[in-house]
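Visitor: Please take one helix of this protein and go through it closely, then set it against the rest of the fold. I would like the geometry, the surroundings and anything unusual in the backbone.

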Amino acid sequence: MTNKPSQFNRRHFIKGTSAALLFSTVPSYGFSFFKDETPKKVALIGCGWYGTSDLLRLIQIANVEVTSLCDVDSNFLNKVAILVSERQKNGIKPKLYSDYRKMLAKEKLDIVLIGTPDHWHALMCIEAIKSGAHVYVQKPISVDVIEGEAMVAAARKYNKVVQVGTQRKSTPHLIEAKKQIMDKGLLGKVGHVDICCYYHMRANGNPAVRPVPEFLDYEMWTGPAPMRPYNGIPHRGWWRTFREYGNGIVGDMCVHMLDTVRWMLDLGWPKRISSEGGIYVQKEGKSNISDTQTAVFEYDDLNCVWQHRTWGNAPDPEYPWAFFIYGEKGVFKGDVMKAEFVPSDGSETIRFDVLWEKEKYPEDVTEKDIELHTAPATRRHMINFLEAIENNTRPIADIEEGHISTASCILANLSMDLKRPLVYDPESRTVLNDPEATRLLQRDYRNDWEHPHPNNI
């Protein structure tokens with residue numbers, strides 16, 4: 001392989017008297033990966049918003065051929081098939097499937113991307129690994145802890161690279177901020193972390209039950225999860241408001257910031273997890289995820305405290321979804337758009353800004369529903385994934401790291417439900433001295449779907 005970008009080129013400059021440290025990266029990706037090889041064969045399972053966005057970022061930076069797409073919504077399938085044929089080099093429409101099992105059995109795939117709702121991640125990831133593919137799976141990786149343990153076990157047993165879509169680790173301004181602030185010790189001893197989300201993102205409607213449209217296989221969409229009455233298209237926002245399919249705001253948003261802080265501070269499993277919360281304000285709709293919740297992830301010499309509210313105002317309007325790392329020499333704040341170090345001695349704040357790549361990738365600008373500020377991070381996350389495949393190494397968001405972050409959030413929800421702190425032991429895969437909580441680490445699957453287990457994959 002030629003011209004592989006082993007690391008990013010960086011330049012820094014101070015802007016005006018504000019001492020804003022900005023970061024610009026101008027890499028030359030082209031088709032650096034697999035350029036002189038037969039294109040890697042790729043499939044996407046889950047052709048909705050973020051799955052499609054992930055796939056389009058991969059097409060931009062690697063010589064791949066998207067041979068197949070899978071979704072239970074035929075409208076999604078047909079729309080994304082046209083889009084892929086327009087974007088990929090050979091101009092061919094991928095084959096279309098509604099059942100991922102048939103696709104994995106029939107297609108010989110090098111890479112599988114999974115962008116389905118959370119309740120499907122574990123089964124699809126494990127089957128893709130067993131079929132011989134490397135996997136890029138969105139976060140959170142699972143809806144219960146044992147699913148995650150099984151995913152880690154499958155990746156190790158079959159020696160496949162699994163990258164989790166926690167792309168803050170590949171966000172240019174956060175990479176540079178970590179290098180310049182955390183790695184150089186500017187904070188001094190760190191003693192506390194706050195992470196939060198105050199977005200009003202909790203769907204809270206009360207739609208009536210209605211017939212399932214012909215273009216949607218709702219039975220297959222539900223799969224191993226509990227079957228809820230159909231009351232509208234579940235895609236994107238609606239499914240996230242039910243714990244049958246995901247882990248609420250904690251699983252959706254805390255997982256990103258907790259994972260980022262763990263990377264910044266080199267933290268592993270929390271020693272103990274506790275959480276309180278519930279539906280305190282938004283009681284009128286069908287949603288059963290919390291609208292208010294606090295969780296404490298305890299480590300040696302520091303606590304990482306999560307807070308979300310889907311109502312009211314953010315305490316700091318500049319950082320509504322963010323992390324705050326407090327050290328003896330200042331505070332380090334960060335989110336998807338920026339980061340800053342505010343020294344406690346009154347010296348000038350050091351700032352880092354988001355990187356845009358609109359000129360290099362003009363197709364981003366017209367792409368429907370794209371998060372322009374995250375596109376550079378996703379491309380770098382894909383590059384890291386491909387480097388790991390080529391070198392047979394673990395990626396920056398390896399499945400085990402994704403499991404720790406995901407499971408910690410699941411345990412926070414269990415703590416809230418049980419109204420007591422939990423101590424998880426990953427060696428025994430139990431909650432210490434708590435048989436009831438241990439039983440809840442694995443939830444029941446519907447119908448004939450078989451729950452994966454790390455001892456039987």
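Guide: Two residues are in contact here when heavy atoms of theirs lie within 4.5 Å. The model is a predicted one, and the helix chosen is α8, residues 248-265.

Geometry comes before surroundings. Helix α8 has 18 residues, and from its first C-alpha to its last it reaches 25 Å. The expected figure, at 1.5 Å a residue, is 26 Å, and the span of α8 is close to that. The helix nevertheless has a bend of about 45°, located at Cys254. Just after α8 comes Asp266, whose phi is positive, at about 60°. Most residues other than glycine have a negative phi.

As for the surroundings, 18 of the 18 residues of α8 are buried, so the helix is largely enclosed by the rest of the structure. Buried here means a relative accessible area under 20%. In soluble globular proteins, nonpolar side chains tend to be buried together. The largest nonpolar core in this model has 52 residues, and those touching the most other members are Ile195, Leu265, Phe297, Trp306, Ile325 and Phe332. Helix α8 gives the most to this core, with 11 residues. Another core lies apart from that one; it has 46 residues, including Ala43, Val152, Trp221 and Trp449.

Phe332 shows how the parts meet. Neighbours within four places in sequence are left aside in what follows. Among the contacts of Phe332 is Met264, and α8 covers residues 248-265. Phe332 is also in contact with Ala177, Ile181 and Met182, and these three are buried residues of helix α6. Its other contacts are Leu187, Phe323, Phe324, Ile325, Ala339, Glu340 and Phe341.

Helix α6 resembles α8 in its setting: 10 of its 11 residues, within the range 172-182, are buried, so α6 too is largely enclosed by the rest of the structure. The buried residues of α6 include polar or charged ones, among them His173, Glu176, Lys178 and Gln180.

Now the whole chain. The protein has 12 helices and 18 strands. Its radius of gyration is 22 Å, close to the 23 Å that the globule rule gives for 457 residues, so the protein is as compact as a globular protein of that length. The C-alpha trace spans about 60 × 55 × 40 Å along its principal axes. Of the 457 residues, 60% count as buried. Among contacts with a separation of 6 or more, 70% are between residues 24 or more positions apart. The exposed area is about 18800 Å², with 49% of it supplied by carbon and sulfur atoms.

Some backbone details elsewhere can be set beside Asp266. Asn392 is not a glycine but has a positive phi, about 55°; it sits in the loop between α10 and α11. Its relative accessible area is 52%, so Asn392 is exposed. Asn433, also not a glycine, has a positive phi of about 60° and lies in the loop between β18 and α12. Asn433 counts as exposed, at 81% relative accessibility.

Lys139 and Pro140 are joined by a cis peptide bond, with omega about -20°. Pro140 is in the loop between β7 and α5.

Notes: Residues numbered from 1 in each chain as written. Predicted model: local features only at pLDDT ≥ 70, side-chain atom pairs only at ≥ 80, totals over all residues. Heavy atoms only, no water. Helix = DSSP H or I, 4+ residues; strand = E, 2+ residues; numbered from the N terminus. Expected span 1.5 Å × (residues − 1). Bend = angle between axes of the 7 residues up to and from the residue. Buried < 20%, exposed > 50% of the residue type's maximum accessible area, 1.4 Å probe, protein only. Rg over C-alpha atoms; globule rule 2.2 N^0.38 Å. Areas by Shrake-Rupley, 256 points an atom, 1.4 Å probe, with all protein chains shown as cover. Core = buried A, V, L, I, M, F, W, Y, C linked by side-chain atoms within 4.5 Å.
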